[in-house]
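Q: I'd like a close look at one small part of this protein. Could you walk me through it slowly, as you would for someone new to structures?

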Amino acid sequence: MKKAFYILFLLIAATTSAPSANAISFDLDSIAAWGKFPRFCVNTYRWGDKFFNGYDTTYVVGTGYKFNAKVTSDSWADGYRFVLPNNKIAFMNSDPSTSIGIHLSYLAVSAGYDINISKLLTGVDRSRQRFRFGFNCMLFAAEFYMMRNDVGTTLRKFGDKNNPERPNMAFNGINNHTWGIDVYYFFNHKRYSEAASFNFSRIQKRSQGSFYTGFSIYQQTLDFNFAELPPSYRDQLPEDWPDYRFLVDTQNYALRFGYGFNWVLKKGWVLGASESPIIGIRKGYVVGWDKKISLSLYNRLKMSVVWNYNRWFFGAVAKFDAAIINNKKTTYAGGILNGEMVFGYRFNLW
């Protein structure tokens, strides 16, 4: 990311070679004039900036500002579907939850605070814990994420696939946790910027897209305890579920393939879309206590609408993550639908 190492170089140079406190300047040419080591730092930074952020400015440009402050509103819901033996199904989903937050960013660093307004309004905490960290430059993107849901869902369908019961029953026997790291490289990196449509740190001037590929490593832990269901429901569950529990605890190593495209609709407006299957191997406990190696299937789809007007920006982002786990008797499909509204302002302090 442009100027991501600027502060580090500045601090090192200032503490080793600056002639006096009142001579310190944030201008790169002024820092280079302090001596050999500051000049080396500035030259290294400029080389890295060009290497990692050398976009074709006909298609992608920077925002011109180091800081941005934004207000966010984030809403999400989870859904889980089981296809069971004897043409049976089970489907459950969480109630939608919403948080609002205020965030301040400087280059690649962001800090903020979110409040779960769903809990404040209803008094019931059915929210999902989530943490994400990302780095996005011209050549590649890296993401770290953690997601947890241990607060329950509602059982919507159960029984015969063609004519299921609709109990609308609270189901609290859930304890799911996933964390992972994704790194992927953009092939058309000089003309396409994912950061322009999803991170608000670039401006896409002309429509362009890119294939990308990389790897994904993630830990997936699922625990659905159906023991609390009525006996008539428990009798329809697979016999290989220990104590009426659907258990998965695996490490997943996968290749990520995808394609992203940014449509520049008119000046300041960008519509972005990105689709990415993730295919690899899954190792660990799958539907029970026996360790197995099997096929790992995951998918990430995201879309956005971004408006840029001088220092101001607005974004609406939708994301859908889905995972499929299959064994001889059961097929599980779980998904997370997330929507985010962002309104922000860019500025410089120096």
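Which residues does Gln-219 touch, not counting residues up to four places away in sequence?

A: Sure, let's take it step by step, and keep in mind that this is a predicted model. Leaving out residues up to four places away in sequence, Gln-219 touches His-177, Thr-178, Trp-179, Asp-249, Thr-250 and Gln-251.

Let's start with where Gln-219 sits. Look for strand 12, which covers residues 208-225, and you'll find Gln-219 there. Is Gln-219 buried or exposed? Its relative accessibility is 14%, and the cut-off for buried is under 20%, so Gln-219 counts as buried.

Now follow the side chain of Gln-219. One polar contact links it to the side chain of Asp-249, at 2.6 Å. The Gln-219 side chain also gets to a piece of backbone: the oxygen of Thr-250, at 3.3 Å. Asp-249 and Thr-250 are both on the list of residues that Gln-219 touches.

Next, pick His-177 from that list. His-177 belongs to strand 10, residues 176-186. With a relative accessible area of 18%, His-177 falls under the 20% cut-off, so it is buried too. If we set aside its neighbours within four places in sequence, the contacts of His-177 are Met-146, Met-147, Arg-148, Gln-219, Gln-220 and Thr-221. So what about His-177 and Asp-249, which both touch Gln-219? They are 72 residues apart along the chain, and their C-alpha atoms are separated by 9.5 Å.

Let's zoom out to the whole chain. Its secondary structure comes to six helices and 17 strands. Of its 350 residues, 44% are buried. Among contacts with a separation of 6 or more, 67% are between residues 24 or more positions apart. The accessible surface is about 17900 Å², and carbon and sulfur atoms account for 61% of that.

One last stop, if you're still turning the model around: the second largest pocket, with about 270 Å³ of space. It is lined by 16 residues, and the closest to its centre are Ile-203, Lys-267, Gly-268, Asn-308 and Asn-310. Among the elements that give two or more residues to this lining are strand 13 (245-266) and strand 11 (202-204). By type, the lining residues are six nonpolar, six polar and four charged.

Conventions:
Residues numbered from 1 in each chain as written. Predicted model: local features only at pLDDT ≥ 70, side-chain atom pairs only at ≥ 80, totals over all residues. Heavy atoms only, no water. 1 Å grid on protein atoms, 1.4 Å probe; cavity = no way out; pocket = protein on both sides within 12 Å on 5 of 7 lines; lining within 4 Å. Points joined across faces, edges and corners; volume = space filled by probe spheres on them. Helix = DSSP H or I, 4+ residues; strand = E, 2+ residues; numbered from the N terminus. Nonpolar A, V, L, I, M, F, W, Y, C, P; charged D, E, K, R; others polar. Buried < 20%, exposed > 50% of the residue type's maximum accessible area, 1.4 Å probe, protein only. Contact = heavy atoms within 4.5 Å. Areas by Shrake-Rupley, 256 points an atom, 1.4 Å probe, with all protein chains shown as cover. Polar contact = N/O pair within 3.5 Å; in protein donor to acceptor, adjacent residues only side chain to side chain.
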